[in-house]
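Please look over the model shown below. A short report on its fold, its cores and a few chosen residues comes after it.

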Amino acid sequence: MKKIQIITASLSLLSILAGCQKNDVFPTSQTISNQDLIMGKVAPVDFITPENFVSGVTNPLFPLTPGDSLYYSLWAIEDGDSVFQEIYITTTDEIKVISGINCVVVHDVVYQDGLLAEDTYDWHVQDKFGNVWYFGEDTKKYAPDGTYSTEGSFEHGVDGAIAGLFMLANPSAYIGHHYKQEDYPDNASDNARIISVNQTVTIGLGTFTGCLKTEERTVLDPGVIEYKYYAPGIGQILATIDTGGTEHEELVGTNY
């Protein structure tokens, strides 16, 4: 009897130790730190569960308040010709549920030469750390004859597409760091890098200080480099392409 009790106790101890080892090697989504998430030490799919996300998007560099609209003008050169577009971006009060997570729906409409050129619904959500994620988009790019293409559309969890980080909660802690904004091979694959968090940017609307500057690239068009500037309390105020193309997109108005 005594020997059996000793063996039972030993087996119990081994079970406890095995359980501890398992938890150390395979942390749950609740034990993932923001730094490990940003530095890519954990896969996004291991973090993307409803309990890790919150309602609303309040990140100061990318706030999404229902009813708010931003208006941009874009000038570019395509195939030697000048192109001018008007862009209207509105945060709706609609919610798109993806993988059990409530995403904010943003409506993005583009006009070129007075004609509808693009009509897109983007899906964003903020995690418990304050990072804003990009869960995909439903886009239609129109030709002058009214036909359209849905190329570039994707949704997290569908056909292998994976959501990405769109705006970090604390960019100043990750200067020079690269991160994926979307991951849908052969369709959508943007990457961003933090350049600076203390830029002064002057546009037609005025001068903005303390702006974030990012560099964006995509493997789908590797020769193009785009720089974006975000002002606290507003979001993107300027985007330029000087390498691999010529493009200037500038905030020209808001409804607030």
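The report runs from the whole chain to single residues.

## Overall make-up

This is a predicted model. The protein chain holds 3 helices and 16 strands. It has 256 residues, and 40% of them count as buried. The exposed surface of the protein chain comes to about 13,600 Å². Carbon and sulfur atoms supply 53% of that area.

Sequence-distant pairing can be put in one figure. Take the contacts between residues at least 6 apart in sequence: 43% of them join residues at least 24 apart.

## The nonpolar cores

The largest nonpolar core has 38 residues. Phe 53, Trp 133, Phe 135 and Met 167 have the most contacts inside it. Six elements each supply at least two residues of this core: α2 (34–38), β4 (101–112), β5, β6, β9 (162–167) and β12 (190–203). Strand β4 gives the largest share, 5 residues. Apart from this core lies another, of 17 residues. Ile 87, Val 201, Phe 208 and Ile 234 are among its members.

Phe 135 shows what surrounds one of the best-connected residues of the largest core. Leaving aside neighbours within four places in sequence, Phe 135 is in contact with aromatic residues including Phe 53, Trp 123 and Phe 154. Its other partners include Ile 48, Ile 98, Ile 101, Cys 103, Val 125 and Ala 163. Glu 155 and His 156 also touch Phe 135.

## Cysteines

How many disulfides does a search of the whole structure find? The count is 0. Cys 103 is buried, at 0% relative accessibility. Cys 211 is buried too, with a relative accessible area of 0%. Both values fall under the 20% cut-off, so both residues count as buried.

## Thr 120 in strand β5

Thr 120 sits in strand β5, which spans residues 115–127. Is Thr 120 buried or exposed? Its relative accessible area is 2%, under the 20% limit, so Thr 120 is buried.

The side chain of Thr 120 makes a polar contact with the side chain of Thr 139, at 2.7 Å. Residues up to four places away in sequence are not counted in what follows. Thr 120 touches Val 106, His 107 and Asp 108, among others. It also touches Glu 137, Asp 138, Thr 139 and Lys 140.

## Phe 129 in a loop

Phe 129 is found in the loop between β5 and β6 (132–142). Its relative accessible area is 29%. That lies between the 20% and 50% limits, so Phe 129 is partly exposed.

Which residues does Phe 129 touch, not counting those up to four places away in sequence? They are Ile 32, Ser 33, Asn 34, Leu 37, Phe 47 and Ala 169. Asn 34 is 95 residues from Phe 129 along the chain, yet their C-alpha atoms are separated by 6.5 Å.

## Two residues with positive phi

Asp 159 lies in the loop between β8 (154–155) and β9. Its phi is near 60 degrees, a positive value in a residue other than glycine. Asp 159 is exposed, at 61% relative accessibility.

Asp 186 lies in the loop between β11 (182–183) and β12. Asp 186 is not a glycine, but its phi is positive, about 70 degrees. The relative accessible area of Asp 186 is 70%, over the 50% limit, so this residue counts as exposed.

Key. Residues are numbered from 1 along each chain as its sequence is written. This is a predicted model: local features need pLDDT of at least 70, side-chain atom pairs count only at pLDDT 80 or more; totals for chains, interfaces and linings use all residues. Side-chain values use heavy atoms; hydrogens and water are left out. Helices (H or I, at least four residues) and strands (E, at least two) are DSSP runs, numbered from the N terminus. Buried means under 20% relative accessible area, exposed over 50%, partly exposed in between (1.4 Å probe, protein chains only). Contact means heavy atoms within 4.5 Å. Accessible areas come from the Shrake-Rupley method with a 1.4 Å probe; for residues, only the protein chains shown count as cover. A polar contact is a pair of N or O atoms within 3.5 Å; within protein, one must be able to donate a hydrogen and the other to accept it, and residues adjacent in sequence count only if both atoms are side-chain atoms. A disulfide is a pair of cysteine sulfur atoms within 2.5 Å. A nonpolar core is a set of buried Ala, Val, Leu, Ile, Met, Phe, Trp, Tyr and Cys residues joined through side-chain atoms within 4.5 Å.
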